[in-house]
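I opened my notebook for a first look at this complex. Here is what I looked up, one entry at a time.

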Amino acid sequence: MKSVAVVVPLSPEDPRDRLAGAIPKLRAFAISLTREVSRADDLVQETILKAWTNIDKFDPATNLDAWLFTILRNTFYSGLRKTRREVQDSDGVHAATLSVKPDHDGRLALTEFLRAFDQLSPEHREVLVLVGASGFSCEEAAGMMGVAVGTVKSRASRARKRLAEMLHLEDGEGLFTGTDGATQAVVLRSAAAGF
Amino acid sequence: MTKEKTGDGPDRRAIRAQIDENLKRVYTSALNEELPDRFRDLLAQLKAKDGPSQDGLS
């Protein structure tokens, strides 16, 4: 004889009631992607609207945050596709001129980190925020991004490497020794430009 | 040309930890930003439009 534990909710929960609680996370993700609060807020607004009207497509057995993040990032990228070339060009310009060094104590100032973070492609910012900051697993991130887990891992690794290059953290130089390598910086920068 | 295939040596792990620490700072500061009223208003509007199916005072 088997007994099966069945959780019967007192009243069927409407996932729409949980939307409000998800907004701060959603907005933090949007800000990380767009790096612009007003654009982020438009994106969150659009995401809430889509989620509300498509709530029947949400499987309550799954993670609501992940579902909402997926809507938000898809909305973001479909809007971005139109201005894609512009964005990539400006990325290139910034990357070529950027030069950031760690503090003398080896700890990065947040402003320096942000400057480098802003130069990343949205895809790189996305993967880093999903797996590095917001606490999603690589598997969950893969589901949201619609790619294989391996792709998430390699993309995250490339994104970290790119950041490390821009911040001159490669191989611990600067990080531990406080090396101020002007030559090194040039080398790293030209290596970075190859991407 | 670059030595990127060195695996997870202590240096790489330290760099990664430092990057992730900063990522969390960026994300947390975005998370702590005050929410504009527009989202609360939007949800209220949507709720009102959908009609009072079950008007619990929550």
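**Entry 1: the core.** Which residues have the most contacts inside the largest nonpolar core? I noted that this is a predicted model, and then I went looking. I found A:Ala30, A:Leu72, A:Ala141 and A:Leu163, in a core of 48 residues.

Next I checked which helices build this core. From chain A, I listed α1, α2, α3 (64–80), α5, α6, α7 (138–145) and α8, and from chain B, α1 (10–31); each of them supplies at least two residues. The largest share comes from α1(A), with eight residues.

**Entry 2: one residue up close.** I picked A:Ala141 from that list and looked up its partners. Leaving aside residues up to four places away in sequence, A:Ala141 touches A:Val127, A:Leu130, A:Val131, A:Phe136 and A:Val152.

**Entry 3: where the chains meet.** How many residues does each chain bring to the contact? I wrote down 33 residues from chain A and 25 residues from chain B. On the chain A side, I found that α1 (19–34), α2 (37–53), α5 (110–119), α6 (122–133) and α8 (149–166) each give at least two residues. Here α1(A) has the largest share, nine residues. I also sorted the chain A side by character: 22 residues are nonpolar, five are polar and six are charged.

**Entry 4: chain B by itself.** I looked up the secondary structure of chain B and found two helices and zero strands. Chain B has 58 residues, and 16% of them are buried.

**Entry 5: how confident is the predictor?** For chain A, I noted an average pLDDT of 79, with 68% of the residues scoring at least 70. I marked residues 89–100 of chain A, where the pLDDT is below 50; this stretch has 17 contacts in the model beyond near neighbours in sequence. I marked residues 172–195 of chain A as well, since pLDDT stays under 50 there, and the model has 35 contacts for them beyond four places in sequence.

For chain B, I found a mean pLDDT of 78, and 69% of its residues reach 70 or more. Residues 1–6 of chain B have a pLDDT below 50, with four contacts in the model beyond near neighbours in sequence. A reminder to myself: where pLDDT is low, predicted coordinates should not be read in detail.

For the complex, I copied down the predictor's ipTM of 0.74 and pTM of 0.73.

Technical notes. Residues are numbered from 1 along each chain as its sequence is written. Chains are lettered from A and ligands numbered from 1 in the order in which they are written. This is a predicted model: local features need pLDDT of at least 70, side-chain atom pairs count only at pLDDT 80 or more; totals for chains, interfaces and linings use all residues. Two residues are in contact if their C-beta atoms, placed from the backbone, lie within 7 Å. Helices (H or I, at least four residues) and strands (E, at least two) are DSSP runs, numbered from the N terminus. Ala, Val, Leu, Ile, Met, Phe, Trp, Tyr, Cys and Pro count as nonpolar, Asp, Glu, Lys and Arg as charged, and the others, Gly among them, as polar. pLDDT is the predictor's confidence in each residue, from 0 to 100. A nonpolar core is a set of buried Ala, Val, Leu, Ile, Met, Phe, Trp, Tyr and Cys residues joined through C-beta atoms within 7 Å. A residue is buried if 20 or more other C-beta atoms lie within 10 Å of its own, exposed if 12 or fewer, and partly exposed in between; C-beta atoms are placed from the backbone.
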